[in-house]
Amino acid sequence: MMISLFDILAPHYCCSCGEIGRIICDNCKNNIISRASRRCLLCAKTIRNSSGLCQRCQPRAPFKNAWYVGERSGALKLLIGAYKFERVGGAYREIVDLLDTRVSELPVETIVVPVPTIASHVRQRGFDHAARLAKEFARRRKLPYRTILHRRTSSVQHTADKSERWQQAKQAFVCDSSEAASCLLIDDIYTTGATLHYAAKALLASGFEKVSVAIVARQPTQGS
């Protein structure tokens, strides 16, 4: 990874172990990669296939593949928190490094699409965190990047319970274009699954034949 002059003059400390140099050191990053999840994104059941979905969940999911790095805990949780809430914007490169190790090879015509962030969160952070991840991932994989998925509503989901999240997400998304047969939908955290479910359905409704998803972290649940 290229190191900027700013990184030399004002270096980060590893968000996990505190080592000076980068927002996450090579050792901590390698620990995340070595512990990458082998569980179904939807139900957390251990799986042996590479799709990220178990045999029970795959038929009812609106996406064919569901890759994610790991549980939202430990160093991965600290890295996401630094990126989203501590204004360490450059951490997106480290996060995309991790995503890149998890997502399988994609067809060259696959369009990379971010889950749209509500406007108030973009203003609060000063950037769209999901769009930045998706754009960098597309650049590395040499795939087209498009912001074709939009929000009809601006409901704040982190204050809602599970049933409210599903109800809010049902009418939240619309896609204004489909330029290819397949797309990869990117977001940072999977919690209840409502956002991904209805975002993927909106993409399918617009004409995409296949939707896959790539998530940085799965929010731990009881039993996972």
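Here is a friendly run of questions and answers about this predicted model.

Me: How far can I trust the model, and over which residues does pLDDT stay under 50?
Reply: The protein chain averages a pLDDT of 88, and 90% of the residues score at least 70. Where pLDDT is low, the predicted coordinates should not be read in detail. The stretch with pLDDT under 50, for which the model has five contacts beyond four places in sequence, is residues 1-6.

Me: Let's go inside, then. Which residues have the most contacts inside the largest nonpolar core?
Reply: That core has 37 residues. At least two residues each come from helices H2, H3, H4 and H6 and from strands S3, S7 and S8. Those with the most contacts inside the core are Ile 24, Phe 137 and Ile 186.

Me: How many residues does the other core have?
Reply: This core lies apart from the largest one. Cys 40, Leu 53, Leu 185 and Leu 203 are among its members. Its residue count is 34.

Me: Back to Phe 137: which residues does it touch, not counting those up to four places away in sequence?
Reply: Phe 137 is one of the buried residues of H6, and it is also among those with the most contacts inside the largest core. Its partners are Val 96, Leu 99, Asp 100, Val 103, Leu 106, Val 112, Leu 184 and Ile 186.

Me: What span does H6 reach from its first C-alpha to its last?
Reply: H6 has 13 residues. At 1.5 Å a residue, 18 Å is expected, and the model comes close to that. The span in the model is 19 Å.

Me: Which elements do the buried residues of H6 pack against?
Reply: The buried residues of H6 are His 129, Ala 130, Ala 131, Leu 133, Ala 134, Glu 136, Phe 137, Ala 138 and Arg 141. Their packing partners include both helices and strands. By name, they are H3, H4, S4, H5, S7 and S8.

Me: Which residue caps the N-terminal end of H6?
Reply: Look for a side-chain oxygen that lies 3.2 Å from the backbone nitrogen of Ala 130. The residue that supplies this oxygen is Asp 128.

Me: And just after H6, what phi does Lys 142 take?
Reply: Lys 142 sits in the loop between H6 and strand S5. With 74% relative accessibility, above the 50% cut-off, Lys 142 counts as exposed. Its phi is positive although the residue is not a glycine, with a value of about 60°.

Me: Is Glu 136 buried or exposed?
Reply: Glu 136 belongs to helix H6, and its side chain makes a polar contact of 2.8 Å with the side chain of Arg 139. Beyond its neighbours within four places in sequence, Glu 136 is in contact with Tyr 92 and Val 96. Its relative accessibility is 9%, under the 20% cut-off, so Glu 136 counts as buried.

Me: How many of the twelve residues of H4 are buried?
Reply: H4 reaches 18 Å from its first C-alpha to its last, close to the 16 Å expected. Its buried residues pack against H2, S3, H3, H6, S7 and S8. Among them are Tyr 92 and Val 96. H4 is mostly covered, and the number of buried residues is nine.

Me: Why is S3 largely enclosed, and what is the bridge partner of its Tyr 68?
Reply: Six of the seven residues of S3 are buried, so the rest of the structure largely encloses this strand. S3 runs parallel to S8, and six bridges join the two. In S8, the partner of Tyr 68 is Ile 215.

Me: Where is Ser 51, and which residues is it in contact with, leaving aside neighbours within four places in sequence?
Reply: Ser 51 lies in the loop between H2 and S3, and it is buried, with a relative accessible area of 9%. Its side chain and that of Asn 49 are joined by a polar contact of 2.9 Å. The contacts asked for are Gln 58, Lys 64, Asn 65 and Ala 66.

Me: One last loop question: what is the phi of Ala 44?
Reply: Ala 44 is found in the loop between H2 and S3, and it is buried, with a relative accessible area of 5%. Although Ala 44 is not a glycine, its phi is positive, at about 70°.

Methods
Residues numbered from 1 in each chain as written. Predicted model: local features only at pLDDT ≥ 70, side-chain atom pairs only at ≥ 80, totals over all residues. Heavy atoms only, no water. Core = buried A, V, L, I, M, F, W, Y, C linked by side-chain atoms within 4.5 Å. Buried < 20%, exposed > 50% of the residue type's maximum accessible area, 1.4 Å probe, protein only. Contact = heavy atoms within 4.5 Å. Expected span 1.5 Å × (residues − 1). Polar contact = N/O pair within 3.5 Å; in protein donor to acceptor, adjacent residues only side chain to side chain. pLDDT = per-residue confidence, 0-100. Pairing = 2+ DSSP bridges.
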